Amino acid sequence: MEGAGYRVVFEKGGVYLHTSAKKYQDRDSLIAGVIRVVEKDNDVLLHWAPVEEAGDSTQILFSKKDSSGGDSCASEEEPTFDPGYEPDWAVISTVRPQPRHSEPTRGAEPSCPQGSWAFSVSLGELKSIRRSKPGLSWAYLVLVTQAGGSLPALHFHRGGTRALLRVLSRYLLLASSPQDSRLYLVFPHDSSALSNSFHHLQLFDQDSSNVVSRFLQDPYSTTFSSFSRVTNFFRGALQPQPEGAASDLPPPPDDEPEPGFEVISCVELGPRPTVERGPPVTEEEWARHVGPEGRLQQVPELKNRIFSGGLSPGLRREAWKFLLGYLSWEGTAEEHKAHVRKKTDEYFRMKLQWKSVSPEQERRNSLLHGYRSLIERDVSRTDRTNKFYEGPENPGLGLLNDILLTYCMYHFDLGYVQGMSDLLSPILYVIQNEVDAFWCFCGFMELVQGNFEESQETMKRQLGRLLLLLRVLDPQLCDFLDSQDSGSLCFCFRWLLIWFKREFPFPDVLRLWEVLWTGLPGPNLHLLVACAILDMERDTLMLSGFGSNEILKHINELTMKLSVEDVLTRAEALHRQLTACPELPHNVQEILGMAPPTEPHSPSPTASLLPLSPTRAPPTPPAPTDTAPQPDSSLEILPEEEDDDGADS
């Protein structure tokens, strides 16, 4: 439908406002209306207007509501009612008592009182769109503006949410939240807002002002260079669709109820226990655990001591090899020596693979050349303030470079991804041996390699688990973050990606990692470390009136200001508080290792609210053999295969 200065590009009837905060609506509290997307005066508007249920919606002409006089029909003394926070069915933030019905004037602004509910908003003013929770009798959408306010929820009694979202995707980028399939973050097609968010997160050292636009134009080369695989967090929403694709919008879930949810209701946790950490394990204490043949004894007790106090600096070089799986806790001294000899030979055979590639060969191998360039750039700025790496021509930088390139030969599927140099640096600093540091780094990567996979499914799952833990521990903080559009916890992305490497001073990182490597008191202690930090900053976040930008800024400014002992003490207290709860939800028990994980099932086309199901394990590198490799095949580095299918790994 077209008129003077405007064109209706989408129209859907049967879209109701529910003006009562009751869970079950009566007819008097429903206002039927029509939702339209209208192009008018070089702008695109989303407009809802009421219409009598028996009326012909196609005859209602578009007329933007005058915001200055929008409430003129309502009495100044007319009270408002705020339903407060109702997580399962909240529809609008403020509602008025249902007025008497009156006949609207066709072709003009509807008369009072139903006309007072009409609204129009420019698409550029939208910040996010939340879809209704599955299981309701009909779907609704809640639109949040850049100013932070919520428009009245639009209830689609006759369906149509998917169609509206697809129309909106012509004008906006709708990025699905990683762990909440109901939430779409809204960005203009120039992606400046998204670039700004990455800048605030400081996921990368280099300027990220144009990284999103470059990613949209050339996903492969941008992913391969500065943006790397880390930023594929929004890959599903942002990557260009092939010719003839249906839409740029990630497929929303169907309107039908979605199975597989575990509803997390209020859990009554007991009091938080007091925790006292112990002193570090010394060389003398370690020696008391070494048997006659060099075999370690009473290993569980020793691990528990490392968890409760860490290691003294002089002991780390030996103990880290056990914590990272390079040496076996059950092996004898002679077995360890034989193992080191074997691993030394294996390392140098892999190193020879890339060292023997000539410059001419490398020019024809874009994969190796790309890895080398990215590694050189990252190594040149990794921990340069540390004395072990400072100064030009530092030999430590050369070892970092060689180990990371050799890891590309060890794990062809993963290769090098930005952030790995941050994980290797403390290990090389402590071990101070190229071969031993490489194998310890491989052991660490076995724990975190999923963080660097291109699909980012592991990172999404971890953020979902973190949100679930925080929801049980502090639902009020979760509600606050959600109200400020920070409920996705994206500001924790860097914490989990590189295990808080850039959040603590270097010596504190060593203490934190060796405690986490013990695997005590259960899996996913790093998620409780994140909860502990948020718990420490709870009052500052909630009482300072922070918006989403201020929350990001505040979290960023915590860098190097946190005490690792305070954080670990609080994380252990949170773990004890959770495990003491007799009514802890099953999926929380799974996260804490209190219950076996549920059997993996076939992936469903619909995403769950908290994607906690374990994904397929990443490919394991083939076991090395003692057979000497053939001269040609040992030096051949295959170029990356063309991925014509674009299939996700």
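A residue counts as buried when its relative accessible area is under 20%. In this predicted model, threonine 145 shows how that cut-off works: its relative accessibility is 14%, so threonine 145 is classed as buried. The residue belongs to strand S7, which covers residues 139-145. Once neighbours within four places in sequence are set aside, the contacts of threonine 145 are with Val121, Glu125, Leu126, Lys127 and Leu151.

Burial is also a feature of strand S3 (residues 30-40), where nine of the eleven residues are buried and the strand is thus mostly covered. Strand S3 pairs with two other strands, S2 and S4. With S2 (residues 6-18), the arrangement is antiparallel and held in register by ten bridges; here valine 8 has valine 38 of S3 as its bridge partner. With S4 (residues 43-50), the arrangement is again antiparallel, with eight bridges, and isoleucine 35 lies opposite tryptophan 48 of S4. A hairpin links S3 and S4, leaving two residues between the strands, and in its turn aspartate 41 adopts a positive phi of about 50 degrees.

Turning to the helices, H9 (residues 333-355) and H14 (residues 434-448) have axes that come within 10 Å and cross at roughly 90 degrees. The two helices are therefore roughly perpendicular to each other. On the H9 side, the contact involves Val340, Lys343, Thr344, Glu346, Tyr347, Phe348, Met350 and Lys351, which meet Glu434, Val435, Asp436, Phe438 and Trp439 of H14. By residue character, this contact of H9 with H14 comprises seven nonpolar, five charged and one polar.

Terms used:
Residues numbered from 1 in each chain as written. Predicted model: local features only at pLDDT ≥ 70, side-chain atom pairs only at ≥ 80, totals over all residues. Heavy atoms only, no water. Buried < 20%, exposed > 50% of the residue type's maximum accessible area, 1.4 Å probe, protein only. Helix = DSSP H or I, 4+ residues; strand = E, 2+ residues; numbered from the N terminus. Pairing = 2+ DSSP bridges. Contact = heavy atoms within 4.5 Å. Axes fitted to C-alpha atoms, helices over the stretch in contact; angles between N-to-C directions. Parallel < 35°, antiparallel > 145°, perpendicular 65-115°, else oblique. Nonpolar A, V, L, I, M, F, W, Y, C, P; charged D, E, K, R; others polar.
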